[in-house]
Amino acid sequence: MSVEATDAKTFYVTTPIYYVNDAPHIGHTYTTVAADVIARYQRMRGRDVLFATGTDEHAEKVVRAAEAAGLDAQAFADRVVTAYHDAWGRMNMSYDRFIRTTEDVHKGIVARVFAQLLEKGDIYKDQYQGWYCVPCETYLREDELVDGRNCPDCGRPVEEMAQDAYFFRTSAYDDDLVREIDRRPKLVQPDTRRNEVLSFIRQGLRDNCVTRLNTGWGVPVPGDEGHMIYVWFDALINYLTVAGYGYDDEKFARTWPPDVQLVGKDILPRFHATIWPAILMALGLELPGTIFGHGWWVSAGGDKISKSRGKVVDPQAEAELLIEESGCTTDVAIDSVRYYVLREVPFGQDGTFSSEALLGRFNADLANDLGNLLNRTLPLVERYLGGEVRQPGPGAGCLTEQVTAAVSRAERGYEELDFRDVPEGAWDLLASANKFVDERAPWDLHKTGKKVELTAVLYDILDTIRVVALLISPVMPTVAPEIWRQLGLEEMAVEMSWDDCEVGQTPVGAKVERGRPIFPRIDMARVRQRAEQQALQAQEQEGSQGQQMISHEQFQELDLRVGRVLDADRVEGADKLLKLTVDLGEEQPRTLVAGVAQQFGPRELIGQNVVVVANLEPATIHGVQSQGMILAAGEKEPVALIVADRDCQPGEKVT
Ligand code: ME8
C-alpha cells in the first residue's frame, strides 16, 4: 500500500477556539487531542496538513473574569493564552497555527466579512428585543427560556436586552442548508446529530443578531462604531482567517475548505451546523468536508465537566496520578491519557471520566498487553539471536492476516473519525501476537534446535510490534518512537511512515535495545486501599469539624424516599457490602450498595421499607454503580436500619 503526496490540497483540520475566561480542562483537551491525532495520521499519509486551534477572546465573560482578577481584558487573555500554550505543549499537540481573535489580521478579516455581507444585504440593521446568556454568550428568545428567566443550556439567569442591532439573514438559507446536509451525509456528523440538526433547521430558522452595543472589547462594526460584532460571528470567522481568506489567496486556494472541523455537541446545531455554513453560503464559499459534533465528558452524576458547572478534570493532574502510581515517565503518562480518552468512549457519545478507569486501562491494555509483548520478546531476541533481527526463512508471515485486518481497521478509524477502532484493532493484533508467542514457544524451539523456525517466529513478533507502533503513533506520539528505539529502528534511521504498515518491513540487522519497561505495572489493590483511606479520612475530618447547623432550604434539598428492598446480595470481594435492588416507585428499580453486610444478612433486608437518599450522586463502589444510599443508625458501624414502621408505598416522600 502506498499513498503518494500528490494531493495538492492542504488537509485542513480545526478545533473550536476556546474562551479565555479560564485555563483548559479535559473537555478542551479531548477535542484538541482528536484533532491532533487526525493531523498526525494525515501527515503520516504524506499530506500537507494545517491543524489549527486557538482562543476566542472577545467574550463578555472574558471581560468579567478579567475584572474579577483585577486585570484589563487583554492582559488577562494573554495570561490564559500562556496557560493554553503550556498545556498543549505538555500534551504534545502538533498544531500548525494557534489563532487568537485579538490578532490584528483576524480583526481585519472579521470587519471585512461583515462589510461584505452588509453590502450584499445578508446583514441588516433592526431592533433587538430579547435575552442574552453571558456565560454561554448566546442570544435567546423568550420561548427558549426555562422558567421564563433561565438559560436552557447552563440553567443560569439570562439578561434582558433591547437595542438597535445588526442581524444576519440566516432565515434565507434554511432550504439551502437542508438540501446540502441531505445531499452530503458526511457534512454533519455523527448521523444522530445530523438528524437533530436537520429537524432543528426544518422548524424554520430566524435571523441571528450579530452585534452588541460597543463596550470597547471586540471588533467594531465598520462605519458604525457604536456597535460591536457579536463574539460568535467573530469567532467563526477564525476558520477563514487561518486559511488565508482575504489576504493570502494562494494559501486560501490550497487550503479551503476545511476537511474536518471538530466541535463539542453543544456548539453544533445552533452555531457550526447552521450559522457557520449559512455565512459560507452567503459568501459564496465551499462548505467544509465534515463538521463533527463529539460527545461530552461528564461527571459521575451525568453533568458536563466544565468550570461553570463547578466540575473540572485536569489532564495534567491525571497524568501525575499515573506517574505516581506506576513510576512511568511524563511522556508515557500523557500518551496514556490521550489513549484513554480515545479508547474509552466512542467518539460522538458521552463518557464518564474516572481516574480509576484510567489507571485500570493503563494496567490492562498498556502494561499487560502491549508492554508485556515487548518486554518478553526483546530478551528472547537477545538470548537466541544475539539481539539482532535475522533474515527469516519461508516460515515467516504467520500473522499477516491479523496485521492486515488491524491496519485496515485503523485506517477506517482515522478516516471515519471512529477513533476507538484504532486501538481496538491494534489490541486484537496484540492479543494474537501474545497467543502466538505462547503457542510457538520460542524457548522450546531453541531447546530443540529449530533455528529456522525460531528466527521466523521472532521476526513475526518483532514485525508485529513494529506495525502496532505505527498504528498507534498518532495517538501515542512519544510511546511509538520509544518502541521504535527499543526495536533498533531509530538506530537504523527507519522513518515512521504509514506506507510501511504491512508485514515484512522490519529491516534485517536491526539491533534491539531493551530499555526500562515503558509501562510499569500499577498495584491496583494499593490504589483502591488508598482511595478508601482517603474517603475515610475526609469523612472523619468532616465529623471532627463540630456540629454545623443547616437551613431548612438545605434540608429540603435532600430527597428522602421510602424504598422497598426487592433483592439483596453480597458484593464479591467486599465483606462489608451488600448490593440491593430497591423499588422507589420509579419505572425501574434502582441498584444501591450499602455497607451493612457484617450486621445484616441479605434475607433480613428483602421486603423491608427502608429510607433512601434518592438524589445522591451515583458512585461506583467495588465496580457496582450505586444510585442512592439507605439510612441506618450507628456512627462507626450500622446498628439498626431506618425503616417505615407501617406499610406505605415505595417512592413515598420522607419529610
Ligand atoms: O464554545 N466534554 O468555547 P469553549 C467534551 N469559544 N468536550 C468539551 C467539554 C466536555 N465536558 N467541555 C468543553 C466555545 N468541551 C467557543 C467556540 S468556535 C468558533 C467558538 C470542548 O471554551 C468542546 O469541543 O466553551 C466544546 O465545543 C469546546 O470545548 C467549547 O469550548
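What percentage of the 655 residues in the protein chain is buried? In this predicted model, buried residues make up 52% of the chain.

**Figure 1. Overall view of the predicted protein chain.** The chain contains 21 helices and 24 strands. Its C-alpha atoms fill a box of roughly 90 × 80 × 45 Å along the principal axes. Among contacts with a separation of 6 or more, 73% involve residues 24 or more positions apart. The accessible surface comes to about 29,500 Å², and carbon and sulfur atoms contribute 47% of this area. The chain carries 69 positive and 102 negative charges, and the mean positions of these two sets are 3 Å apart.

**Figure 2. Nonpolar cores, with a close-up of L240.** The largest nonpolar core comprises 181 residues, and F233, L240 and F519 have the most contacts inside it. Another core, of 17 residues, lies apart from the largest one and includes L578, L580, A597 and L641. Beyond residues up to four places away in sequence, L240 touches V113, Y245, F252, W256, W276, L280, L283 and L285.

**Figure 3. The cis peptide bond between W256 and P257.** W256, one of the residues touched by L240, is joined to P257 by a cis peptide bond with omega of about 0 degrees. P257 is located in the loop that runs between helix 9 (249–255) and strand 12 (260–264).

**Figure 4. The cis peptide bond between Q189 and P190.** The bond from Q189 to P190 is cis, and its omega is near -5 degrees. The loop holding P190 lies between strand 7 (188–189) and helix 6 (191–202).

**Figure 5. An open sheet of three strands.** The strands are arranged in the order 9-11-10, and their pairing is antiparallel. Strand 9 (211–213) and strand 10 (220–221) form the edges, each pairing on one side only. Strand 10 pairs with strand 11 (residues 224–229) in the antiparallel sense over two bridges. At this pairing, V221 stands opposite D224 of strand 11.

**Figure 6. Surroundings of T53 in strand 2.** T53 belongs to strand 2, which spans residues 49–56. T53 counts as buried because its relative accessibility is 0%, below the 20% cut-off. When neighbours within four places in sequence are left aside, the contacts of T53 are T15, P16, I17, Y18, T32, W88, Y95, R97, F98 and I99.

**Figure 7. N92 and A441, two residues other than glycine with positive phi.** N92 has phi near 60 degrees and is situated in the loop between helix 3 (73–90) and strand 3 (97–100). For A441, phi is near 35 degrees. A441 occupies the loop between helix 15 (421–440) and helix 16 (442–447). With a relative accessible area of 8%, A441 falls under the 20% limit and is therefore buried.

**Figure 8. A531 in helix 19 and its separation from E356.** Helix 19 covers residues 524–544 and includes A531. A531 is classed as partly exposed because its relative accessible area of 43% lies between the limits of 20% and 50%. Along the chain, A531 and E356 are 175 residues apart, while their C-alpha atoms are separated by 9.6 Å.

Terms used: Residues numbered from 1 in each chain as written. Predicted model: local features only at pLDDT ≥ 70, side-chain atom pairs only at ≥ 80, totals over all residues. Heavy atoms only, no water. Helix = DSSP H or I, 4+ residues; strand = E, 2+ residues; numbered from the N terminus. Buried < 20%, exposed > 50% of the residue type's maximum accessible area, 1.4 Å probe, protein only. Contact = heavy atoms within 4.5 Å. Areas by Shrake-Rupley, 256 points an atom, 1.4 Å probe, with all protein chains shown as cover. Lys, Arg positive; Asp, Glu negative; His and termini not counted. Charge placed at Lys NZ, Arg CZ, Asp CG, Glu CD. Pairing = 2+ DSSP bridges. Core = buried A, V, L, I, M, F, W, Y, C linked by side-chain atoms within 4.5 Å.
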